[in-house]
Amino acid sequence: MKVMSAATAPALRRDPAQGIAAGVCLGLARRLGVDPLAVRLAFVVAAAAGGLGIVAYVIAWAAIPAPAGAAVPGARRARAQVAAGGGLLMLALLLSLRELGLWFSDALVWPVVLAAVGGGLLWRQSRTSPLPSESPPRAEVAAGVYRGGFGVALVVGAGLLFLQTNGALGPARDVILAVVVITVALALVLAPLLWRLGRNLAEERSERIRSQERAELAAHLHDSVLQTLALVQKRADDPRAVATLARRQERELRAWLWDPGAPTPDASLAASLRAAAADVEEAHGVPVEVVTVGDAHVDDGTIALVAAVREALTNAAKFAGDAGPVALYAESADDRVQVFVRDRGAGFDPAAIPGDRRGVRDSIIARMARHGGHAAIHPAPGGGTEVELTLENVST
Amino acid sequence: MRERIDIASLVAGLVIIALGTLLLLDRVDVLDLRFGWLVPALAGTIGAILLAGGLANRSP
């Protein structure tokens, strides 16, 4: 036996996407746990009995909400509902006053109402028009044009209705015809000119954007590349300093060209590692090659990891920098970060480190252990030393 | 936990009850609901439901 309690029954929602019209019958059927065909038949029978089904359907359409995330955004839908509801209530009030006899005349009131609605739309459109410097989304521009056009049509329609109901449209017909003919003729004459003007404006705008981009590029090249080249000329006698300057400039230029929205070191482990490598490279003049795979959030654990990596890089640069570049490889995946710092030096025995040398023991091994991580030092394949740092339970 | 009142549903229910009462009174000849009164009654019903729904959706 099928039992549907209030707790398990779906919320009453229309389904316009799958329903035949507005999805009212489908929504009611789902809520009641019956076949949608039965609800549809009930509405059809009610519609045949004096049109009651149609009225009930319209009321249900207004009363039953569409599912969240429907095509129309919530705020816009709410505004449209308020506007439509207010308009219908106003219409009901006017019709009631008319029925009670508190009425001037149809020839006056309806044109005034139409003109007021059209004027209201135009006023609202002018009030919400964006500043020229802003570039609103295309959909908003289209909505504004439709709203403004609808407002103009209502005001013009109200004027015509007023003239018609007061018998003044007959004499005015010749004037209106002349105005329409002149307007069409002017449009035909001016259309090519206006089209060319619009095209020129668009080209001018594109040229202005290109010019701004060129100016920005020139300013950046002046502030970075040209300044670095001047420094390189000054320090031409120090190859290591020149190499360091060149690598720093290369990093900065690559980041500006291909990764302008890269996260900052305070928000990304990969960025923190790159910043630490750059610092060590600049301080010791030894190239550090960085490769990162994946990324992780910065927290106490990863801050400690970056500090340990910095210490390992510093050791490698100090004691094995002459043997070649230092390699830093970091991989973040599945709540786990693994970092390898590898140099090409002569290597060393961690057990033989004197007791008063606390760099490796405290700053790397003990620091990682305090944060639940692990550090291991072993000979690198092909010579040199590899420091392996592992941290678990990281937010990647 | 105490449930929040759904104002839109409440207003919708009340105005539909009012409309139903009017139609019932017309049916039993207590009042004469002519077309001139039926249209504003329907427009008012739908308008009140839409307005209440829109205001309820707009408020956070």
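**Exercise 1. Which residue forms a salt bridge with B:Arg34, and how far apart are the closest N and O atoms?**

Solution. Keep in mind that this is a predicted model.
- Step 1: Count the salt bridges between chain A and chain B. There is one.
- Step 2: Name the partner. A:Glu99 forms a salt bridge with B:Arg34.
- Step 3: Check the distance. The closest N and O atoms are 2.8 Å apart, and the cut-off is 4 Å.
- Step 4: Locate the surroundings. On the side of chain A that touches chain B, helix 3 (52-63) and helix 4 (74-100) are the elements that give two or more residues. Helix 4 of chain A gives the largest share, 14 residues.

**Exercise 2. Describe the interface of chain A and chain B by contacts and by area.**

Solution.
- Step 1: Count the residues. In chain A, 19 residues are in contact with 23 residues of chain B.
- Step 2: Take the area. About 1800 Å² is buried between chain A and chain B. Carbon and sulfur atoms give 82% of this area.
- Step 3: Find the leading contributors in chain A. A:Ile59, A:Val82 and A:Glu99 supply 28% of the area that chain A buries against chain B, more than any other three residues.
- Step 4: Add the polar part. Two residue pairs are in polar contact across the interface.

**Exercise 3. Test the length of helix 10 of chain A, then find its N-terminal cap.**

Solution.
- Step 1: Set the expectation. Helix 10 covers residues 300-320, so its 21 residues at 1.5 Å each should span 30 Å. One less than the number of residues enters the product.
- Step 2: Compare. The end C-alpha atoms lie 30 Å apart, which agrees.
- Step 3: Look at the N-terminal end. A:Asp299 caps helix 10 there. One of its side-chain oxygens is 3.2 Å from the backbone nitrogen of A:Gly301.

**Exercise 4. Classify the ring pair of A:Trp103 and A:Trp110, and say whether A:Trp110 is buried, partly exposed or exposed.**

Solution.
- Step 1: Start with the total. Over all chains there are three aromatic pairs.
- Step 2: Classify this one. The rings of A:Trp103 and A:Trp110 are 5.4 Å apart, centre to centre, with 55 degrees between the planes. The pair is tilted, because the angle is neither under 30 degrees nor over 60.
- Step 3: Judge exposure. A:Trp110 has a relative accessible area of 23%. Buried would need under 20% and exposed over 50%, so A:Trp110 is partly exposed.

**Exercise 5. Summarise the fold of chain A in numbers.**

Solution.
- Step 1: List the elements. Chain A has 11 helices and five strands.
- Step 2: Give the buried fraction. Of its 396 residues, 28% count as buried.
- Step 3: Look at contact range. Among contacts in chain A between residues at least 6 apart in sequence, 61% join residues at least 24 apart.

Notes:
Residues numbered from 1 in each chain as written. Chains lettered and ligands numbered in written order. Predicted model: local features only at pLDDT ≥ 70, side-chain atom pairs only at ≥ 80, totals over all residues. Heavy atoms only, no water. Helix = DSSP H or I, 4+ residues; strand = E, 2+ residues; numbered from the N terminus. Polar contact = N/O pair within 3.5 Å; in protein donor to acceptor, adjacent residues only side chain to side chain. Phe/Tyr/Trp six-rings, centres within 6.5 Å; stacked < 30°, edge-to-face > 60°. Buried < 20%, exposed > 50% of the residue type's maximum accessible area, 1.4 Å probe, protein only. Contact = heavy atoms within 4.5 Å. Buried area = accessible area lost by both parts, 1.4 Å probe. Salt bridge = Lys/Arg side-chain N within 4 Å of Asp/Glu carboxyl O.
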